[in-house]
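User: Please take a close look at one part of this model, the open sheet and the helices that lie across it, and describe how that part is put together.

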Amino acid sequence: MDLPTVDYFKRQTVHRLPYAGGISTEIAPVSPETTNIAVLNRFARDRDLVSLPVVSLGVPVGLIHRNTFMSEMSTPEAQEMYGPQSCTTFMDREPLIVDEKLNLEVLSFRVVDHGDKTLAAGFIVTRDGFYSGVGSCLRLMRMIADLQAEKNRQIRHSIEYAGVIQQALMRAARETLAKTSNDSELVWEPRDVVGGDFYHFARFQDGWFGAVADCTGHGVPGAFMTLITSSLLVQAIEHCSPQDPAAVLSELNRAIKRLLGQTGPREDLGQSDDGLDGAFFWFDDTKRTLTYAAAKTPLFVLNQDSDDFMVIDGDRMGVGYVDTPMDYQWHTQVIDAPPGTLMFVTTDGLVDQIGGPKQTAFGKRRIRESILAQRNERADVIGMSVINAYSLWQADQPRRDDLTFLCFRP
């Protein structure tokens, strides 16, 4: 292999690439035969020079640190004694030497492991084993910060686009609700850009089916679960009768457990333990009844001539989780819904939000109070009343979870 020439070093250029070569600077090296006086003059001429590589036949053999060298050569006596000697006298004989193709993330760990002197003086970069340049740890830190900022920007844009997709997938359901019930308010506010709550509404000849659900997690993991479960829900409705929401829940439970492999003894399973809580219901147009089945999700019912809420509790069993039996059967309750009956169902993000003077949960009582205060208004006004009470209660506390609720008069 031919040895590098001076022209070889002159041809090196600095590229901002995510590799060690992208943060190296071509610094003309000295040879082991160079005297300390020559190095002293070199540092005096170039006050920005932090380190000076020592290269023999193109191969790096050491690195002279400016601060260390100038400290040793600071007196006339030292210059007289050491000046004629080889520059290897004060050379770091074990500098960090890395290949130009080394990933910056790996490089950063190497720098830290090599000690404080490398953080201050830098490191030598090689190409095919021959000297290529000197890397600056300051530039390394700046480069990593820039790359991280760009990565964060790309992730943020991806999540924002995922939010657009998630809303688009539920747009048809929202439009169905608007056409089906002329007095309803649906609030869907993910804690992050995307969330783990979802809803589904489907119109049929003799009534309509509705679901409000809270999948495991929030943010991106929760959003993945909504895509999985909403797709499985459509299949479950097709397989079962939408008039039997308990059967739909049971079918969805089996589908989630099979898809995620959450069947069999817990000790034989992996780390996956995902599922959902939610309220599924069917409203019969002719009978004016609401058939309700739910997993850990209550339904608030306020009749037109009553001042008290009727709370219809769902089963205390989640859907699809490891501990949920494969053959679990949810219970169905049928509620009469004469004209003017107000119904409200919410995921736990509303109930569990911490706030208030004693930092306690928002709770069901405040939901009832907010609804009763506007009970004769339309559902959108009632929904705004709940949101205002929720926001005042939350104050400066961070939001704990996704927020989804449905207020409607069927």
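Analyst: What follows goes through the sheet, then its helices, and ends with a note on the largest pocket. The model is a predicted one, and the description should be read with that in mind. The part in question is an open sheet of 5 strands, which are paired in the antiparallel sense and follow the order E8-E9-E10-E11-E14. Strand E8 (197-204) and strand E14 (333-336) are found at the edges, and because each has a single partner strand, one side of each is left without a neighbour in the sheet. From one strand to the next, the twist averages 15 degrees.

Within this order, strand E9, made of residues 207-215, pairs with strand E10, made of residues 276-284, over 9 antiparallel bridges. Asp214 takes part in this pairing, with Asp277 in E10 as its bridge partner.

Two helices can be placed against these strands. Helix H8, residues 219-239, lies across E8, E9 and E10 and runs at about 20 degrees to E8, whereas helix H9, residues 245-259, lies across E9, E10 and strand E11 (289-295) and runs at about 145 degrees to E10.

As for the pocket, the largest one holds about 260 Å³ of space. It is lined by 16 residues, of which Ile27, Asp48, Val50, Val134 and Ser136 are the closest to its centre. Helix H6 (116-121), strand E6 (130-135) and helix H7 (137-180) are the elements that give two or more residues to this lining, and by class the lining consists of 9 nonpolar, 5 polar and 2 charged residues.

Note on methods: Residues numbered from 1 in each chain as written. Predicted model: local features only at pLDDT ≥ 70, side-chain atom pairs only at ≥ 80, totals over all residues. Heavy atoms only, no water. 1 Å grid on protein atoms, 1.4 Å probe; cavity = no way out; pocket = protein on both sides within 12 Å on 5 of 7 lines; lining within 4 Å. Points joined across faces, edges and corners; volume = space filled by probe spheres on them. Helix = DSSP H or I, 4+ residues; strand = E, 2+ residues; numbered from the N terminus. Nonpolar A, V, L, I, M, F, W, Y, C, P; charged D, E, K, R; others polar. Pairing = 2+ DSSP bridges. Axes fitted to C-alpha atoms, helices over the stretch in contact; angles between N-to-C directions. Contact = heavy atoms within 4.5 Å.
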